[in-house]
Amino acid sequence: MELSLEQKFQDKIDRDERIEPRDWMPDSYRKTLVRQISQHAHSELVGMLPEGNWISRAPSLRRKLGLMAKVQDEAGHGLYLYSAAETLGVERDTMFDQLHTGKAKYSSIFNYPTLTWADIGAIGWLVDGAAIMNQVPLCRCSYGPYARAMVRVCKEESFHQRQGFEIMLTLCNGTPEQKAMAQDALNRWWWPSLMMFGPNDAESPNTKQSMAWNIKRFTNDELRQRFVDMSVPQAALLGINIPDADLKLDEETGKYSFGEINWDEFWQVVKGHGPCNKDRLAARVKAHEDGAWVREAAMAYAEKQEQKKLNTIAVKTA
């Protein structure tokens, strides 16, 4: 009996083979990828805003150059990911429109303010550390263009995480005021970083199917646990305390148990009611509108070059 297209597709997934843009795929698989990859791309672009806020106020030229390079990397990550999403048949303008009108989501973590320079260190250490935990398994995602884009993204995010930790280490080895600033940043960014992994597995409607399709390799709770287990020894090395009275090492499993996340806060931010949701979206819309002339000029130049090429061909064949 001949297998259906759906069965052939799933067999290919089960053999851990890659799905490429011209391969047949279920509409639901395509829609899931468009949602995930576009949201990932949006997160990279919006993620430039809280750190870009500190480029002009970085404490030294070295820190300024490092932060500028990091923000530039995030822009590049967004471009890789938008390109990957386009291979699924969605237009980039459509994705931008969905972001700017609030129809598409981005990572909730970027709706929190960066109040001090220590926040830049905490973002690199914790936020990029959580991103790496989420994204390294995506290098083995079943969809080829997404997986290949993530290889370079993860290499650069690894550098960002080390950069952030080095900022925190410098502060913790500095004056008492600098160490207190690092502790304050940890206090404010710890719980939002845990929220980055998404809702608990029981409340995550997409996890089961995404794992069956090998889009995801681990559940939200599994990745969150790995992040906690990685971060606790790092905080101890810094000499600052994770703000969780329930944090405790389980001697049998070697894993840390931790307190309950404030899921009410998480959903409020996801629904657009976080501290900086409106500001972040307004900044993105303004940047898109202000950059319209650049896009128009680039298109005009490309059309002019294409016409030159066609004219040259016409002359040669005349």
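## Second largest pocket

By class, the lining of the second largest pocket comprises seven nonpolar, one polar and three charged residues. The structure described here is a predicted model. About 200 Å³ of space lies in this pocket.

The residues that line the second largest pocket are Leu45, Met48, Ala75, Leu79, Tyr82, Arg92, Phe96, Arg284, Ala287, His288 and Arg295. Three helices, α4 (61–86), α5 (92–100) and α12 (277–290), each contribute at least two residues to the lining. Arginine supplies the charged part of the lining, in the form of Arg92, Arg284 and Arg295. The polar member is His288.

## Nonpolar core

The largest nonpolar core has 76 residues. Within this core, the residues that touch the most other members are Tyr29, Ile37, Trp125, Tyr143, Tyr146 and Trp189. In soluble globular proteins, nonpolar side chains tend to be buried together.

Trp125 may be followed in more detail through its contacts. With residues up to four places away in sequence not counted, Trp125 touches Gln161, Gly164, Phe165, Met168, Leu186, Ser231, Gln234, Ala235, Leu238 and Ile240. Nonpolar residues on this list include Phe165, Met168, Leu186, Ala235, Leu238 and Ile240, while Gln161, Gly164, Ser231 and Gln234 belong to the polar class.

## Ser210 in helix α9

Ser210 is found in helix α9, which covers residues 207–212. Ser210 counts as buried because its relative accessibility is 4%, and the cut-off for buried is under 20%.

The side chain of Ser210 reaches the backbone oxygen of Asn206 at 3.0 Å. Not counting residues up to four places away in sequence, Ser210 also touches Thr32, Ile215 and Lys216.

## Loop residues with positive phi

Asp16 is not a glycine, yet it has a positive phi of about 65°. This residue is found in the loop between α1 (5–14) and α2 (27–46). Asp16 counts as partly exposed because its relative accessibility is 44%, and partly exposed residues fall between the 20% and 50% cut-offs.

Asn214 likewise is not a glycine and has a positive phi, of about 60°. Asn214 lies in the loop between α9 and α10 (220–238). With a relative accessible area of 15%, Asn214 is buried, whereas Asp16 is partly exposed.

Definitions and conventions
Residues are numbered from 1 along each chain as its sequence is written. This is a predicted model: local features need pLDDT of at least 70, side-chain atom pairs count only at pLDDT 80 or more; totals for chains, interfaces and linings use all residues. Side-chain values use heavy atoms; hydrogens and water are left out. A nonpolar core is a set of buried Ala, Val, Leu, Ile, Met, Phe, Trp, Tyr and Cys residues joined through side-chain atoms within 4.5 Å. Buried means under 20% relative accessible area, exposed over 50%, partly exposed in between (1.4 Å probe, protein chains only). Contact means heavy atoms within 4.5 Å. Helices (H or I, at least four residues) and strands (E, at least two) are DSSP runs, numbered from the N terminus. A polar contact is a pair of N or O atoms within 3.5 Å; within protein, one must be able to donate a hydrogen and the other to accept it, and residues adjacent in sequence count only if both atoms are side-chain atoms. On a 1 Å grid over the protein atoms alone, a cavity is a set of points where a 1.4 Å probe fits but cannot get out, and a pocket is an open set with protein on both sides within 12 Å along at least five of seven lines; lining residues have an atom within 4 Å of a point. Grid points are joined across faces, edges and corners, and a volume is the space filled by probe spheres set on the points.
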